[in-house]
Amino acid sequence: TEEKDRVHKKALYEREGVRHYLIADLSRKIVTHYALHDGAFKEEITENEQLELDGESCSFQLNVADIFL
């Protein structure tokens, strides 16, 4: 459920140091990206844009509009 994803999982992933957490909202056609900065998630909402994530061992690119075709 949305509450589980946005509250419980987010808190767990933040506490455990997960660097990036993405939630696709199918009804609103947006992706919420949580990026870990100084131990806390910063929220960014992406719609119809290219999302690029760079990690220590890999990078990831996602065209958000393609998810909702």
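This is a guided tour of one protein structure, to be followed with the viewer open.

**The whole chain**

Begin with the complete protein in view, and keep in mind throughout that this is a predicted model. If you colour by secondary structure, you should find two helices and five strands, which follow one another along the sequence in the pattern α-β-β-β-β-β-α. Turn the C-alpha trace slowly, and you will see that along its principal axes the trace spans about 35 × 30 × 15 Å. For 69 residues, a compact globule would have a radius of gyration near 11 Å, and the protein, with 12 Å, agrees with that expectation.

Now switch on the surface. The protein exposes about 5,100 Å², of which carbon and sulfur atoms supply 46%, while 23% of the 69 residues count as buried. If you colour the charged side chains, you will find 9 positive and 15 negative ones, and the centres of these two sets lie 5 Å apart. Among contacts between residues at least 6 apart in sequence, 25% join residues that are at least 24 apart.

**From helix H1 towards strand S1**

Next, select Gly17, which sits in the loop between helix H1 (2-16) and strand S1. With a relative accessibility of 36%, Gly17 counts as partly exposed. Add Phe41 to the selection and draw a distance between the two C-alpha atoms: Gly17 and Phe41 are 24 residues apart in sequence, and in space they are 9.4 Å apart.

**Into strand S2**

Move on to His33, whose place is in strand S2 (residues 30-37). Is the residue His33 buried or exposed? His33 is buried, because its relative accessible area is 4%, and the cut-off for buried is under 20%. Show the side chain of His20 as well, and you can trace a polar contact of 2.8 Å between the side chains of His33 and His20. Leaving aside residues up to four places away in sequence, His33 also touches other residues, including Tyr21, Leu22, Lys42, Glu43, Glu44, Leu51 and Leu53.

Stay in strand S2 and select Ala35, which lies in that strand too. Ala35 counts as buried at 5% relative accessibility. Which residues does Ala35 touch, not counting those up to four places away in sequence? They are Arg19, His20, Ala40, Phe41 and Lys42, and His20 and Lys42 should be familiar from the list of residues that touch His33. For a view across the model, add Asp66: Ala35 and Asp66 are 31 residues apart in sequence and 21 Å apart in space, taken from C-alpha to C-alpha.

**The loops on either side of S2**

Finally, look at the two loops that S2 connects with. Select Lys29, which is found in the loop between strand S1 (20-25) and S2. Lys29 has a positive phi of about 55°, although it is not a glycine, and with a relative accessible area of 45% Lys29 is partly exposed.

Then select Asp38, in the loop between S2 and strand S3 (40-46). Asp38 likewise has a positive phi of about 55° without being a glycine. How does Asp38 stand in terms of accessible area, buried or exposed? Asp38 is exposed, because its relative accessible area is 87% and the cut-off for exposed is over 50%.

Terms used:
Residues are numbered from 1 along each chain as its sequence is written. This is a predicted model: local features need pLDDT of at least 70, side-chain atom pairs count only at pLDDT 80 or more; totals for chains, interfaces and linings use all residues. Side-chain values use heavy atoms; hydrogens and water are left out. Helices (H or I, at least four residues) and strands (E, at least two) are DSSP runs, numbered from the N terminus. The radius of gyration is taken over C-alpha atoms; the globule rule is 2.2 Å times the number of residues to the power 0.38. Buried means under 20% relative accessible area, exposed over 50%, partly exposed in between (1.4 Å probe, protein chains only). Contact means heavy atoms within 4.5 Å. Accessible areas come from the Shrake-Rupley method with a 1.4 Å probe; for residues, only the protein chains shown count as cover. Lys and Arg count as positive and Asp and Glu as negative; His and the chain ends are not counted. The place of a charge is taken as NZ of Lys, CZ of Arg, CG of Asp or CD of Glu. A polar contact is a pair of N or O atoms within 3.5 Å; within protein, one must be able to donate a hydrogen and the other to accept it, and residues adjacent in sequence count only if both atoms are side-chain atoms.
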